[in-house]
Amino acid sequence: MASVSPSWYYQDGGLRRVVCADGVITNKFFTRNLKIQFGVPFPPSSSSKSRSYTTSPLKKTHLPLRIKCEKNDKEEEEDSYKDVTIERAPYYSYMDSTSGQMEPASGARASIPSEEYWPEGTSSRVRAARAPEPSGVSTGKPSFGKNPGSRRKKYKSSASASQTNLVVNDQAESEYSLDESKNGASEFVVYQTEPEEEEVAGYDLDKKIGNPHSFIDPKAKIPMDEPLTSEELWWNWRKPEKEQWSRWQRRRPDVETVFLKAMAETGQVKLYGDQPTLTECALFRARRHIYKEERLQDEFDKLEEIGPIAYYSEWVEAWKEKDTSREAVQRHFEETGEDENTQLLEMFMLQTDREYRIMMGTDNRIRRDPLAMRMREDQIKQIWGGDPVYPTVNYIQDPDEVIDYRGPDFHEPTPNMLDYLKEHGKIITRDELEKVLSKEKTEVLEMADIDDAMARAVDIGENDDEGEESEAEDDTNEKATRNWSVVKNNAELIKTKEKAKKDSMSLEEAVDDSENLTDFLLDFEEDD
Amino acid sequence: MSISVLNPPASCILNHHHQLHKFNASPLPPISISVCKCRIRSAVMVADETSSSLDSSPISTSTFPLFHPSLPPEPTPATQLEPADPDFYKIGYVRSMRAYGIEFREGPDGFGVYASKDIEALRRARVIMEIPLELMLTISQKLPWMFFPDIIPVGHPIFDIINSTNPETDWDLRMACLLLYAFDCKGNFWQLYGDFLPGPDECTSFLLATEEDLLELQDKELASTLREQQRRALEFWEKNWHSAVPLKVKRLAPEPERFMWALSIAQSRCIDKQIRIGALVQDSNMLVPYADMLNHSFEPNCFFHWRFKDRMLEVMINAGKKIKKGDEMTVDYMDGKMNNLFMQRYGFSSPVNPWDVIQFSGNARVHLDSFLSVFNISGLPEDYYHNSKLSYDDDRFVDGAVIAAARTTPTWSDGDIPLIPSLERKAVKELQEECQQMLAGFSTTVDQDQKILESIPEATRTHEAAIKYRLHRKLFIEKVIQALDIYQERILF
């Protein structure tokens, strides 16, 4: 019974089985899941409740899961047992109060849509994928186009099937022999239809199995020529360095390239040219990684093997002479009751600072990488740069040095600006300026020499003769200024006045002389 | 299709049965036992299955190479047959061909496709097989000839041979060349599939027939057509496979027989279909691996459908067709063609070809409507079918031959003018006489033919097919006579 998976009757009548991954259900599982099954032997005599497992699931049977509710001695009573049914959650999705949306009950992804919702072509693909693979092994062999119909079952009609079979066989054989002979004559190419079994040995065997082997089959190895220099190598093209005013402007080389080049120079590694190629760099990188991994693994193994105290005592000078094997540690423990950790702590108490730094590998002052130390100055500088403070020799300064900054476009010394400007006439001296200014100012000053008194004099008409003239002049002047419609300049005004004074002209001459009729406008007193 | 076991002309029917019995005794002894059972139970419904199976067996046992073998009497037609070699489906399955709910079985008459489970009649056609384009050999029918899949490299001399064929008529020659090349192409599926094709000895196509087989046909026109075809094939071979031809071509068909065989395969197994590949729609001839194992029936179950999305040829069951386990899946090869055309192309014939034609001379005419109503044939002249809903008792008599009779006998139909029984009887008598004359025109009778078939132990397939051809013809004529008899009796209703 332990091998039968328990089948439970769900309340909805479905029969569900518990799937057990390993197929073996222990009794413990059984009892745990079936609760009191074993505890209560159901007597076959109880006819009132007949538990027959053969009843159809649709009937409401006494389900085999009961929980004992009370601990009392009366068994087989209805009260002390509670029938339990394993029900599935009645919902597949519910409205989640947290998110406010419908959520699936199981918490898994939403159900996969049914076939109606699949994109086109999916159903045919699914059907093709679901089609069962043909089982069965064939007895015949394919002839690959040579004997069509060879794998059909050869039936021949009628009772003399055996005869015909013989005939057929003979024919087949004769055909076969014919074919063979024909093969010899006309078939120049015979295809190999079955794979031949070959024995592999040596290098091929190693390669096939996975034993460590050299890269190249030693039987097939062709000795290499002398490697070409970088210039000769056809793949070794380099971008020409652009015109840069400093060597520091070129791209920094890769760490691995420089390392590899350094290693090649010291002879640890053989390169094909003098510059390592990408492949070689990659190979170097891979090897380095693997070696590092191997070393780490070795260290780890060593730690596991010899124990922590022995391992770490390498970096504790004071513990060196003590016996650090596991047995010794065990003995010490037995003697003093200090277990391994305590002993380890004691050991580390004796470790010095320097030793600690060495152990942790964090001290810059301690030389770590011998190869890096062995590289040349310029190689180191290629990778790590130089001293951050004085990166190059150029930066070291001689205090007495006279530095000449003259470059290719070094120009003539700056001329005396003043003289230059003076020559080109952009500047004049103060004196000249004053001269020029004074020339300009004299005209203005002449104007200002007019007697103020005279300028301000207003003719009030005391002198009649002269006054009339001046009056007339003034009047006409005033008139002219007042009558803006009559725009005349003084010169014309003066001219006409002179003409008017002469009185010697005839009418025609006067008309001709006048500008327009307004010349004949007599002087009407405004007072009138 | 059904043969009705009618009571009145019992002798005829029993005779018929007897013929069939004799007929089937030749292929497999076990069947005779079952046929005896069948005869006893002739009145029972079950007989219909067996008789129908027997009936359809003449189609199949006419040794068409693709054929399903003779049918077992008990539950399914399929149980008699052995399942095909498991590799047959496996080589296709591996190349993503799929068969759903069917199995391939093999019998004395060749391969057949049978249902492995009951299939409900659905509104939709269901797919039973899908074959990807890569397994097929396809050539477009019109220039430029495109090959799918394109296995012929441009420089290959077979390409020139194909180019030299006549675009209108030589589709089968092209197909044969392609097939031969595919057999030679390393890694091609046809190298594996070719083992399941009928070999030269099993093939019933008359390209491989001898003169005496052609004479056995007793049909001069057909014989001459077939001779013409043979000559054409031979000429083509000689032209293109002469001795100086490069080895690449030469090894494809070192003997003319191989070429003829390939040509017969190409002719008989080619499907003409208009397919769409990408945006290109073209008529093409396709040699499709598993779909060509379907046999022919005049009332087919299945049809071919091209699915252009993933370029698969699907064999689909006709919608509304209920299929029981063990039923054979059949396709209509050529629609509306006579037996001689079937013989010419496929190498088989059928006594129940509803498109068979008898050339009646004379003026005797039969009233069409009453003839059709006697046999409950309904439908338009292109599509006569037996309407079984109209008949009260299960009519086993009406089959394709009767339908052909309805088509070929000269008939008159003039609106509502009723028939005059006496005139009708006279006409019927005349027609029957003509038929008898035709039968007499043959050199052997039906019985003799059947005896011959039984007696020859190791008839070649073509020989058998030839004899069966004329046998079927005679059966057809006899059936016409019978039908006319029945008609005569039933005129006065």
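These questions and answers concern a predicted model and the reasons behind the terms used for it.

Q: What makes A:Arg127 and B:Glu130 a salt bridge?
A: The side chains of A:Arg127 and B:Glu130 meet at 3.3 Å, N to O. The cut-off is 4 Å between a side-chain nitrogen of Lys or Arg and a carboxyl oxygen of Asp or Glu, so the pair qualifies. The count between chain A and chain B is five salt bridges. Over all chains, the structure holds 34.

Q: Why is the pair A:Glu120 and B:Lys309 said to join two chains?
A: The side chains of A:Glu120 and B:Lys309 form a salt bridge at 3.5 Å, N to O. A:Glu120 sits in the loop between strand E6 (102-104) and H2 of chain A, and B:Lys309 in the loop between strand E11 (302-307) and strand E12 (312-317) of chain B, so the pair joins two chains.

Q: How do you know that chain A and chain B are in contact?
A: Contact requires heavy atoms within 4.5 Å. By that rule, 41 residues of chain A are in contact with 47 residues of chain B. The two chains bury about 3700 Å² between them, with 48% of it on carbon and sulfur atoms. In chain A, A:Arg151, A:Arg152 and A:Tyr155 lose the most area to chain B, together 22% of what that side buries.

Q: Which elements of chain A give two or more residues to the side that touches chain B?
A: Between the chains there are 19 residue pairs in polar contact, both at pLDDT 80 or more. On the chain A side, helix H2 (122-130) and helix H3 (161-185) each give two or more residues. The largest share, four residues, comes from H3(A). By class, this side of chain A has 13 nonpolar, 17 polar and 11 charged residues.

Q: Why is H14(B) called roughly perpendicular to H17(B)?
A: Helix H14 (residues 400-408) and helix H17 (residues 461-491) of chain B pack at an angle of about 70°, with axes 9 Å apart. Angles of 65 to 115 degrees count as roughly perpendicular, so H14(B) and H17(B) earn the term.

Q: What makes the contact of H14(B) with H17(B), by class?
A: B:Ala401, B:Val402, B:Ala404 and B:Ala405 in H14(B) meet B:Phe476, B:Lys479 and B:Val480 in H17(B). The contact has six nonpolar, no polar and one charged residues. Lys counts as charged, so B:Lys479 is the charged residue here.

Q: Why are H6(A) and H8(A) called roughly parallel?
A: The axes of helix H6 (residues 278-312) and helix H8 (residues 340-349) of chain A come within 9 Å and cross at roughly 30°. Angles under 35 degrees count as roughly parallel, so the term fits H6(A) and H8(A). A:Pro308, A:Ile309 and A:Tyr312 of H6(A) meet A:Glu340, A:Gln343, A:Leu344, A:Met347 and A:Phe348 of H8(A). These residues divide into six nonpolar, one polar and one charged.

Q: Why are cis peptide bonds and positive phi values worth noting?
A: Most peptide bonds are trans, and most residues other than glycine have a negative phi. The bond from B:Leu143 to B:Pro144 is cis, with omega near -10°. B:Pro144 is in the loop between strand E6 (137-140) and strand E7 (147-148) of chain B. The bond from B:Phe148 to B:Pro149 is cis, with omega near -10°. B:Pro149 is in the loop between E7 and helix H5 (157-163) of chain B. B:Ser96, not a glycine, has a positive phi of about 65°. B:Ser96 lies in the loop between helix H4 (86-94) and strand E2 (98-99) of chain B.

Note on methods
Residues are numbered from 1 along each chain as its sequence is written. Chains are lettered from A and ligands numbered from 1 in the order in which they are written. Side-chain values use heavy atoms; hydrogens and water are left out. Buried area is the accessible area (1.4 Å probe) that two parts lose on being put together, summed over both. A polar contact is a pair of N or O atoms within 3.5 Å; within protein, one must be able to donate a hydrogen and the other to accept it, and residues adjacent in sequence count only if both atoms are side-chain atoms. Axes are lines fitted to C-alpha atoms, for helices over the stretch in contact, and angles run from 0 to 180 degrees between N-to-C directions. Angles under 35 degrees count as roughly parallel, over 145 as roughly antiparallel, 65 to 115 as roughly perpendicular and the rest as oblique.
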